[in-house]
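Subject: Structure for you, with some notes

Hi,

Here is the structure I promised to send over. Have a look at it first, and then read on for what turned up.

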Amino acid sequence: MRQMIDAHCHIYPDKIAEKATRAIGAFYHIPMHYDGRMETMLREGAAAGIGRYLVFSVATKPTQTVSINDYIVETVARHEGQMLGLGTIHPDNTEPGVHVEYMLAHGLRGVKLHPDIQGVALDDPRCMRIFEACEGRLPVLLHTGDRRFDYSNPNRLLPVLERFPHLTVIGAHFGGYSVWQDATEMLAGHENLYVDCSSSLFAMSPEEGRRLVRAWGADRVLFGTDYPMWNPTEEVARVEALGLTEEENEQVFHRNAEKLFGFESHFGA
């Protein structure tokens with residue numbers, strides 16, 4: 001049986017999960033498949049054959065950063081062997097280095113930012129402070145792209161990659177949600193940039209998806225479902241429909257996430 005890591009999962013405390021999930025759906029005008037609860041993620045992921053998860057949430061206000069990071073730390077600790085977590089920082093937090101130190105001390109494996117929802121461009125000085133604090137220490141998983149906005153499109157990410165060459169960046173949604181071609185043309189080939197395939201394959205043919213994976217390089221693409229947005233069984237099937245080689249599938253489904261986030265050293269391959 002193939003190993004699979006879902007490297008893009010938003011989770012929320014039960015008491016706010018449905019409200020938070022509805023807000024995501026409203027933001028993207030896309031019906032949500034699930035309720036955002038961690039137990040739902042584990043149940044549906046297991047049905048799809050997914051065994052490990054990278055989980056996180058996003059601070060929409062600076063006052064949320066500490067409570068979200070505490071929640072992720074506590075949740076991961078209760079599910080040892082199944083998941084690793086990313087912390088969050090809001091661009092308006094004045095001392096991002098303090099939050100980076102907390103993440104390192106508590107075993108979080110990186111930082112998740114969503115510039116479009118947080119309302120701050122990737123190359124804004126406030127985000128640059130975060131990247132400076134993370135460079136060489138923690139990878140950063142970014143929501144990237146949306147033709148409706150100009151917070152996280154490829155033109156905003158390019159200065160980040162050039163200014164922080166030792167910062168490991170994962171650009172979600174093939175580096176540019178809804179602007180996949182622009183992202184590939186502008187950003188593919190940067191040594192410090194990886195991408196995931198979440199919330200992308202639903203919008204393209206298998207031929208287009210295969211072309212994108214190979215344009216980026218299968219050793220730089222991670223599998224992710226963007227829970228709670230999509231059905232994980234269907235997302236697995238979409239990747240399998242791309243017609244990749246078995247070596248490429250192994251890279252996408254688990255090896256790249258193992259390397260970037262330390263799943264292999266933490267759990268064993």
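Let me start with Tyr177, which is buried, since its relative accessible area is 12%. Please keep in mind that this is a predicted model. Trp180 counts as buried too, with a relative accessibility of 14%; the cut-off for that word is under 20%. The rings of Tyr177 and Trp180 have centres 6.0 Å apart and planes at 80°, so they make an edge-to-face pair, given that planes over 60 degrees apart are classed that way.

These two belong to a wider group: one aromatic cluster is formed by Phe27, Tyr28, Phe149, Tyr151, Tyr177 and Trp180. Phe27 also has a charged neighbour, as Arg148 lies over the face of its ring at 5.2 Å from the ring centre. A similar arrangement turns up with Tyr194, where the charged end of Arg220 sits over the ring, 4.4 Å from its centre.

In total, the count of aromatic pairs comes to nine. Another of them joins Phe223 and Phe253: the ring centres are 5.1 Å apart and the planes are at 55°, so this pair is tilted. Where do Phe223 and Phe253 lie? Phe223 is in the loop between β9 (221-222) and α10 (232-240), while Phe253 is in helix α11 (residues 246-261), so the pair ties together parts that are 30 residues apart in sequence. Both rings belong to buried residues: Phe223 has a relative accessibility of 1%, and Phe253 has 0%.

Now for the empty space, which may be what you want to look at on screen. The largest pocket holds about 670 Å³. It is lined by 31 residues, and those closest to its centre are Tyr12, Ala20, Ser57, Val58 and Thr60. Which elements give two or more residues to this lining? They are β1 (5-10), α1 (14-28) and α3 (65-78). Helix α1 provides the largest share, with eight residues.

What kinds of residue make up the lining of the largest pocket? There are 17 nonpolar, ten polar and four charged residues.

If you would like a place to begin, you could colour the lining of the largest pocket, with Tyr12 and Ala20 among the residues closest to its centre, and then turn to the aromatic cluster that includes Phe27 and Trp180.

Happy to go through any of this with you.

Best wishes

Methods: Residues are numbered from 1 along each chain as its sequence is written. This is a predicted model: local features need pLDDT of at least 70, side-chain atom pairs count only at pLDDT 80 or more; totals for chains, interfaces and linings use all residues. Side-chain values use heavy atoms; hydrogens and water are left out. On a 1 Å grid over the protein atoms alone, a cavity is a set of points where a 1.4 Å probe fits but cannot get out, and a pocket is an open set with protein on both sides within 12 Å along at least five of seven lines; lining residues have an atom within 4 Å of a point. Grid points are joined across faces, edges and corners, and a volume is the space filled by probe spheres set on the points. Helices (H or I, at least four residues) and strands (E, at least two) are DSSP runs, numbered from the N terminus. Ala, Val, Leu, Ile, Met, Phe, Trp, Tyr, Cys and Pro count as nonpolar, Asp, Glu, Lys and Arg as charged, and the others, Gly among them, as polar. Rings of Phe, Tyr and Trp (its six-membered ring) pair if their centres lie within 6.5 Å; planes under 30 degrees apart count as stacked, over 60 as edge-to-face and the rest as tilted. Buried means under 20% relative accessible area, exposed over 50%, partly exposed in between (1.4 Å probe, protein chains only). A charge sits over a ring if NZ of Lys or CZ of Arg is within 6 Å of the ring centre and within 35 degrees of the ring normal.
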